[in-house]
Amino acid sequence: MIAGCGLRIGRVKSRAPRVRNPQSAVLLVLAIACSSSPSPTSSSSPVRVPRLEFVPESETFAAAVGEYERIWAADAARIVHTMQEISGLTFTDTAITAIVFEGVSSSGFRDTPMRLRASYPLDTKRATLIHELGHRLQSPLFRRQDEEHGPLFLWLYDVWVRLYGQEFADAQVAVERRRRGPYPRAWDEALALSPRERAERWRAIVSNQRQRRNEE
Ligand SMILES: [Zn+2]
């Protein structure tokens with residue numbers, strides 16, 4: 001499509017001075033329509049995907065590592081692209097180590113490894129990996145002690161829906177609600193809003209947090 005536009009622009013430029021006929025006019029209109037269409041860079045530029053290395057805490061977790069590796073091999077570019085597009089943020093991490101073990105998952109921070117529970121079913125491995133990557137993606141906006149699940153859930157649900165569908169997203173929200181801590185309330189608050197309201201609130205938070213961080 002874009003290459004075709006370029007070709008038409010070239011022909012119009014080279015032929016217009018000598019040939020005046022209706023075909024040239026049509027080509028000129030096409031050229032103008034093409035040149036005013038949205039830049040392709042917003043949706044099709046190559047995504048820089050962080051390198052993720054999954055490391056078993058012990059050999060017991062080799063099979064779980066294999067599952068995480070297959071998720072990342074299949075979907076990394078799509079996951080990163082979708083997360084960046086919906087959040088409006090860009091990953092600063094280029095390489096992340098994720099320890100696969102049996103315990104509470106956590107995002108880690110910069111060189112501190114991510115930790116991922118080994119025994120989750122496959123879909124919860126997908127959802128949790130994206131959840132923990134989400135903390136890393138939005139971490140420049142927050143201080144370490146901030147409770148940032150409220151902001152995260154304003155965009156995480158919509159990432160899950162776009163990647164794997166609403167049934168997947170709703171099932172993973174149910175899984176997270178069953179965990180204690182900040183999850184049930186943060187999910188209730190996020191899902192009480194429409195997708196548009198979530199997006200608006202998230203943009204306001206990004207703007208406020210950037211201002212706050214700049215003033216620190
Ligand atoms: Zn979390």
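The protein contains nine helices and three strands in this predicted model. Read from the N terminus, the order of the elements is α-α-α-β-α-β-β-α-α-α-α-α. The chain has 216 residues, of which 24% are buried. Among contacts with a separation of 6 or more, 61% join residues 24 or more positions apart.

Helix H6 covers residues 149-164, and its length can be checked against its number of residues. At 1.5 Å a residue, the 16 residues of helix H6 should span 22 Å, and the end C-alpha atoms are 21 Å apart, so the two values agree. The helix H6 has a kink of about 30°, and tryptophan 155 is at the centre of this kink. After H6 comes glycine 165, which has a positive phi, near 95°.

The buried residues of H6 are His149, Pro151, Leu152, Phe153, Leu154, Trp155, Leu156, Tyr157, Val159 and Trp160. Trp155, the centre of the kink, is therefore one of the residues counted as buried, a class that requires 20 or more other C-beta atoms within 10 Å. The cover over the buried residues of H6 includes parts of the chain on both sides of it in sequence: helix H4 (62-87) and helix H5 (122-138), as well as helix H7 (166-177), helix H8 (183-191) and helix H9 (195-215).

The packing of H4 on H6 can be described in further detail. Two packed helices are described by the angle between their axes and the distance between the axes. The axes of H4 and H6 come within 9 Å and cross at roughly 140°. The two helices are therefore oblique to each other, since only angles over 145 degrees would count as roughly antiparallel. The crossing of H4 past H6 is right-handed. On the side of H4, the contact is made by Arg78, Ile79, Thr82, Met83, Ile86 and Ser87. On the side of H6, Trp155, Asp158, Val159, Arg162 and Leu163 take part. An α-helix has 3.6 residues a turn, so residues three or four places apart point the same way.

Glutamine 172 lies in helix H7, one of the helices that cover the buried residues of H6. Glutamine 172 is buried because 21 other C-beta atoms lie within 10 Å, and the cut-off is 20. Leaving aside residues up to four places away in sequence, glutamine 172 touches Asp123, Thr124, Ala127 and Trp160. Of these, Trp160 is also among the buried residues of H6. Glutamine 172 and aspartate 123 are 49 residues apart in sequence, yet their C-alpha atoms are 7.8 Å apart in space.

Terms used. Residues are numbered from 1 along each chain as its sequence is written. This is a predicted model: local features need pLDDT of at least 70, side-chain atom pairs count only at pLDDT 80 or more; totals for chains, interfaces and linings use all residues. Helices (H or I, at least four residues) and strands (E, at least two) are DSSP runs, numbered from the N terminus. A residue is buried if 20 or more other C-beta atoms lie within 10 Å of its own, exposed if 12 or fewer, and partly exposed in between; C-beta atoms are placed from the backbone. Two residues are in contact if their C-beta atoms, placed from the backbone, lie within 7 Å. The expected span of a helix is 1.5 Å times one less than its number of residues. The bend at a residue is the angle between axes fitted to the seven residues ending there and the seven starting there. Axes are lines fitted to C-alpha atoms, for helices over the stretch in contact, and angles run from 0 to 180 degrees between N-to-C directions. Angles under 35 degrees count as roughly parallel, over 145 as roughly antiparallel, 65 to 115 as roughly perpendicular and the rest as oblique. A crossing is left-handed if the near helix is turned anticlockwise from the far one by less than a right angle, and right-handed if clockwise.
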